[in-house]
Amino acid sequence: MYDRKNLKNIPKKPGIYIMHNYAGDIIYVGKAKNLFNRIHSYFQNPKKLPIKTQIQVSHIESIETIVVDTEMEALILECNLIKEHRPRYNIMLKDDKSYPYIKITTQEKYPQIIMTRDHHRDGGKYFGPFTNSTAVRQTIEALQKVYPLRRCKRKVEQGVKCGRPCIYFHMGQCLAPCTGKVTPEEYHENVQKDIDILSGKNKPIVEQLTAQMQHASENMEYEKAANFRDKIQAINFVVSRQKIVSENQKNQDYIAFYRVKTNSKTKPDDSIDPNIACVQIFNVRDGKLLGRNSLMMDGVEDETDSLIMTNVVKQYYNGSHFLPKEIILSCPLEDEEVNAVESWLSAQRGSHVQLTVPQKGEKARFIQMVEKNARLTLEQHFIEKHQKKKRQENRIASLKNLLGIKAIPNRIEAYDISNISGTDNVGGMVVFENGKANPKAYRRFKIKTVEGQNDYASMQEMLFRRIEHGMKEEKEGKDPHESSFLPFPEIFMIDGGRTHVEAAQSILSMYPELDITVCGLVKDEHHQLRGVVYQDREYKLTYGTPVCTLLNEISEEVHRFAIAYHRKLRKKGMLSSELESIPGIGKKRRTALMTYFRTIENIKTATPEDLVKVKGMNQKAADAVFQYFNKAGEEK
């Protein structure tokens, strides 16, 4: 608990305050014009504080402050710390991924058209952001069929041939500037037309292509006419994804959110968590709606609309997102934050950014539509979440009924062994809680006591070590939420048949205090899940049923996890077997050699002069590598 005597040492200056819990973790980050007044407000009469803040204060062990000169510096620092540490008690955008853009690299002599998730001021032309990466790829592919740009990463120069044309040239989807025969002026005709199409200036281009198609058709050049037709269809495909919002051709973002308020006069919807808000951000570029970002924000139940909107704006634009000239909001920011946030956004953009809350007119109607979308998305989110939960419950209940066990298993652990002829023998443990995989609880085992290929003994060693770890942590009184091997599961699932199950039961019999069901996942000759072995009986599974879907998911996941660990060790072993035995070549030099030469074969054929060029290699080490491989070659 925080010692309130320390409050008198808080400075009366602007800055950042960082709250830590007993474990030293950051649980909250905030900024204030006056740190002394702001931090003291947390320690007033608890009855005057929201429940969430009371709980937050009860977990504070220490408070760290950082004093800055200006409010904008405090804002930038706050945004960066929240993004890096994602504190538990800050209201957070749950989806902070970056969204895809279409970029034309106009800063290059022979530009490319690519998808990127980063927006930089590098001279390129950006379109977006978009919410669907598949749609972006389809758009790029459509443009490549109409006015193709190069797809390779070769250094292209006019009059310089740098390789043979790739297959896209022969398919008519690249001009092949790599041949050196395409002038920048000729190439830029395609670049400009792609830019025009993405900017919505497609009408003259379509009219020209239509005239060419009709002319070719009249001359009975039907193949040529079909080519023009395909180009028109591709352009229409791109343009159909752009909805006209405004004729003023401005760049704007519309931001609104929806949440269920528990203190409202209307009865709240019990199916929707009041602690979650759905944020909708509509991206309008050059007057066209080009993208929509749907985000969930956590921890909003006791917060005001203004505070939520302030956090949305700060967290969303604290990254590589494109900043438009105008941002239209469904509600205002907190009064004391408006000037600082506007100044911060304007500094990022390099010109003034205007934040507005429209009361009437076209913008007000559009922001209402955005808010309506937020409500529909939030409702759909919880409907789907409820349905998914029901499906998971049905799958677990079906497993309980199939095996005839007393209680529904909340935690299931599955085990599999992976090796090749007994080498690099490893085991994998995956965990499913309430019918859903929990990767944080997965564990890997390197088999230590078994030599050669003996899957039964390997499985026994893995289970023995797993149980012993759990028993030790239980004896130490560890909290299951902070433990590596607690709680114990209701079911052990073994990848194998009756013999594997018996091997597992022989280990479990050593621990009579544990009540754990053991069953085996049996596969057919095609390595497909066939049934479940339990109490010396095989239960056949019907494909497509809830229990079959669950068990197949568990079987595939444990096999994937075990074999991935085996491959990792085998790959490491293959590298170490070639390089580890060379005197003077440690881990850093092995890594540097493989990074530089890519393959062992290239290292074998390298000269001492080549080897010494590698970072971290000296002449003595280079000679040792050269002599090792040449001596090995002579002996062979």
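Hi everyone. Let's start with one residue, Asn-419, which sits in strand β14, residues 411–420. Before going further, please keep in mind that this is a predicted model. Is Asn-419 buried or exposed? With a relative accessible area of 15%, Asn-419 is buried, because buried here means under 20%.

Now, what does Asn-419 touch, once we set aside residues up to four places away in sequence? The list is Asp-424, Asn-425, Gln-453, Asp-455 and His-566. Two of these partners also come up as polar contacts. The side chain of Asn-425 pairs with the side chain of Asn-419 at 3.0 Å, and the side chain of Asp-455 does so at 3.4 Å.

Asp-455 takes us nicely to a helix, since α12 covers residues 455–475. Helix α12 has 21 residues, and from its first C-alpha to its last it reaches 30 Å, close to the 30 Å expected at 1.5 Å a residue. Which residues of α12 are buried? They are Ser-458, Met-459, Glu-461, Met-462, Leu-463, Arg-465, Arg-466, Ile-467, Gly-470 and Glu-473. As you look at that list, here is a general point: an α-helix has 3.6 residues a turn, so residues three or four places apart point the same way. And what covers the buried residues of α12? The cover includes our strand β14, along with β15 (423–433), β17 (443–446), β18 (491–495) and α13 (498–508).

Let's follow the chain out of that helix. Just after α12, Gly-477 takes a positive phi of about 75°. In the loop between α12 and β18 we find Pro-487, and the peptide bond leading to Pro-487 from Leu-486 is cis, with omega near 0°.

If you carry on along the chain, you come to Cys-519 in strand β19, residues 517–523. Cys-519 counts as buried because its relative accessible area is 0%, under the 20% cut-off. Leaving aside neighbours within four places in sequence, Cys-519 is in contact with Ile-491, Phe-492, Met-493, Ile-494, Val-501, Val-532, Val-533 and Tyr-534. Cys-519 also lets us look back towards where we began: its C-alpha is separated by 9.5 Å from that of Ala-414, although the two are 105 residues apart along the chain.

Time to step back and see the whole chain. There are 636 residues, and 46% of them are buried. The secondary structure comes to 18 helices and 21 strands. Along the principal axes, the C-alpha atoms fill a box of roughly 80 × 80 × 60 Å. Of the contacts with a separation of 6 or more, 63% are between residues 24 or more positions apart.

How confident is the predictor? The pLDDT averages 84 over the chain, and 92% of the residues score at least 70. For residues 632–636, however, the pLDDT is below 50, and this stretch has 0 contacts in the model beyond near neighbours in sequence.

Next, a pocket. The largest pocket has a volume of about 700 Å³. Its lining has 32 residues, and those nearest the centre are Tyr-17, Tyr-28, Arg-38, Leu-307 and Glu-334. Which elements give two or more residues to that lining? They are β2 (26–32), α2 (51–58), α3 (71–85) and α9 (305–316). The largest share, 5 residues, comes from β2.

Two of those helices turn up again around α10, residues 338–349. The buried residues of α10 are Ala-340, Val-341, Glu-342, Trp-344, Leu-345 and Ser-346, and what covers them includes α3 and α9, as well as β12 (326–329) and β13 (354–356). Helix α10 has 12 residues and spans 17 Å, close to the 16 Å expected. Just after α10, Gly-350 takes a positive phi of about 90°.

Positive phi also appears in residues other than glycine. Arg-86 has a phi near 45° and lies in the loop between α3 and β4. Asn-434, with a phi of about 55°, is in the loop between β15 and β16. Arg-86 is partly exposed, at 33% relative accessible area, and Asn-434 is partly exposed too, at 48%.

One last stop: Ser-294, in strand β11, residues 288–298. Ser-294 is partly exposed at 29%, and its side chain makes a polar contact of 2.8 Å with the side chain of Gln-280. Thanks for listening!

Methods. Residues numbered from 1 in each chain as written. Heavy atoms only, no water. Helix = DSSP H or I, 4+ residues; strand = E, 2+ residues; numbered from the N terminus. Buried < 20%, exposed > 50% of the residue type's maximum accessible area, 1.4 Å probe, protein only. Polar contact = N/O pair within 3.5 Å; in protein donor to acceptor, adjacent residues only side chain to side chain. Contact = heavy atoms within 4.5 Å. Expected span 1.5 Å × (residues − 1). pLDDT = per-residue confidence, 0-100. 1 Å grid on protein atoms, 1.4 Å probe; cavity = no way out; pocket = protein on both sides within 12 Å on 5 of 7 lines; lining within 4 Å. Points joined across faces, edges and corners; volume = space filled by probe spheres on them.
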